[in-house]
Amino acid sequence: MDAASEAAAAVAAPQAEGSPAAAAAPSRYESQKRRDWNTFLQYLRNHKPPLTLARCSGAHVIEFLKYLDQFGKTKVHIAGCPYFGHPNPPAPCACPLKQAWGSLDALIGRLRAAFEENGGRPESNPFATRAVRIYLKEVREGQAKARGIPYEKKKRKRTAVTTSVTSAATVMSTLTGSSPNNTITNGAGSTTGNTTNGAGVSVPSVAATATPNVTATAV
Ligand SMILES: [Zn+2]
């Protein structure tokens, strides 16, 4: 789907998530997309060496995604961890928290659309490059293995570490897993089904209140 029709679709279905607010307000997807785009522009402004949007490549986009990992809330076990492949570890471990694949995938979708809506040409869209697609695929497969994500499509109630991804619209706007029952609907045709993860990609500017190193499996 191209950027224009994607935007149109978003406009046509405002407030899909049950908010009774007036249709005049931008949809959550639209406002989320705007926030994501501003976050990325901010990232470019702070980039060293300086980087302009025009010179931004797929490699830079991947670098951005890796940068976001420090704000992630999804436990991804390293190969040496005894809980590698455990969907439900019985105890905390020291493995890093990262951005869940589903969050990154939805984010890239929004940024890809935003790039073209802001005047970028589709043929030079860094978010649509093969390198980015391959990176996302590797993240998905790596996380599925490390987290032992089952392939059955069963909803489970979980604690903060593995709450379901919130809808694309709320990714990056939610710091706490406040809507744990939403299932991912990012249109990516997830084959892993149960891509549970943290509360989504955090905006760096507000992530100061998050404590990325705390393990939340206290129950
Ligand atoms: Zn671990």
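In this predicted model, Lys33 is buried, because 26 other C-beta atoms lie within 10 Å, where 20 or more are enough for a residue to count as buried. Lys33 belongs to helix α2, which spans residues 28-45. When its neighbours within four places in sequence are left aside, Lys33 is in contact with Arg110, Ala113 and Ala114. One of these partners, Ala114, is 81 residues away from Lys33 along the chain, yet the C-alpha atoms of Lys33 and Ala114 are separated by 6.7 Å.

The surroundings of Lys33 form part of the packing of α2 against α4. The axes of these two helices are 9 Å apart, and the angle between α2 and α4 is about 85°; α2 is therefore roughly perpendicular to α4, since angles of 65 to 115 degrees fall in that class. On the side of α2 the contact is made by Gln32, Lys33, Asp36, Trp37 and Phe40, and on the side of α4 by Leu107, Arg110, Leu111, Ala113 and Ala114. Sorted by class, the residues of this contact comprise 6 nonpolar, 1 polar and 3 charged.

Leu111 of α4 takes part in this contact, and beyond residues up to four places away in sequence, Leu111 touches Asp36, Trp37, Phe40 and Phe127. Leu111 also figures in the largest nonpolar core, which has 20 residues and in which Leu104, Ile108, Leu111 and Phe127 touch the most other members. At least two residues of this core come from each of α3 (58-68), α4 (101-117) and α5 (130-147), and the most are given by α4, with 9 residues.

Helix α4 also packs against α5, with axes 9 Å apart and an angle of about 160°. The two helices are therefore roughly antiparallel to each other, as the class takes in angles over 145 degrees, and α4 passes α5 in a left-handed crossing. Trp101, Leu104, Asp105 and Ile108 of α4 meet Val132, Leu136, Val139, Arg140 and Gln143 of α5 in this contact, whose residues divide by class into 6 nonpolar, 1 polar and 2 charged. Leu104 and Ile108, which contribute to the contact with α5, are also among the core residues that touch the most other members.

A further packing joins α5 to α3, the axes of which lie 8 Å apart at an angle of about 30°. This angle makes α3 roughly parallel to α5, because angles under 35 degrees are counted in that way. The crossing of α3 and α5 is right-handed. Here α3 contributes Gly58, Ala59, Val61, Ile62 and Leu65, while α5 contributes Ala131, Val132 and Tyr135. In terms of class, the contact of α3 with α5 contains 7 nonpolar residues and 1 polar residue, with no charged residues. Val132 of α5 is listed in the contact with α3 and appears again in the contact of α5 with α4.

Over the whole protein chain there are 5 helices and 2 strands, and these elements follow the order α-α-α-β-β-α-α from the N terminus on. Of the 219 residues of the chain, 35% count as buried, Lys33 being one of the buried residues. Among contacts between residues at least 6 apart in sequence, 74% join residues at least 24 apart.

Conventions: Residues are numbered from 1 along each chain as its sequence is written. This is a predicted model: local features need pLDDT of at least 70, side-chain atom pairs count only at pLDDT 80 or more; totals for chains, interfaces and linings use all residues. A nonpolar core is a set of buried Ala, Val, Leu, Ile, Met, Phe, Trp, Tyr and Cys residues joined through C-beta atoms within 7 Å. A residue is buried if 20 or more other C-beta atoms lie within 10 Å of its own, exposed if 12 or fewer, and partly exposed in between; C-beta atoms are placed from the backbone. Helices (H or I, at least four residues) and strands (E, at least two) are DSSP runs, numbered from the N terminus. Two residues are in contact if their C-beta atoms, placed from the backbone, lie within 7 Å. Axes are lines fitted to C-alpha atoms, for helices over the stretch in contact, and angles run from 0 to 180 degrees between N-to-C directions. A crossing is left-handed if the near helix is turned anticlockwise from the far one by less than a right angle, and right-handed if clockwise. Ala, Val, Leu, Ile, Met, Phe, Trp, Tyr, Cys and Pro count as nonpolar, Asp, Glu, Lys and Arg as charged, and the others, Gly among them, as polar.
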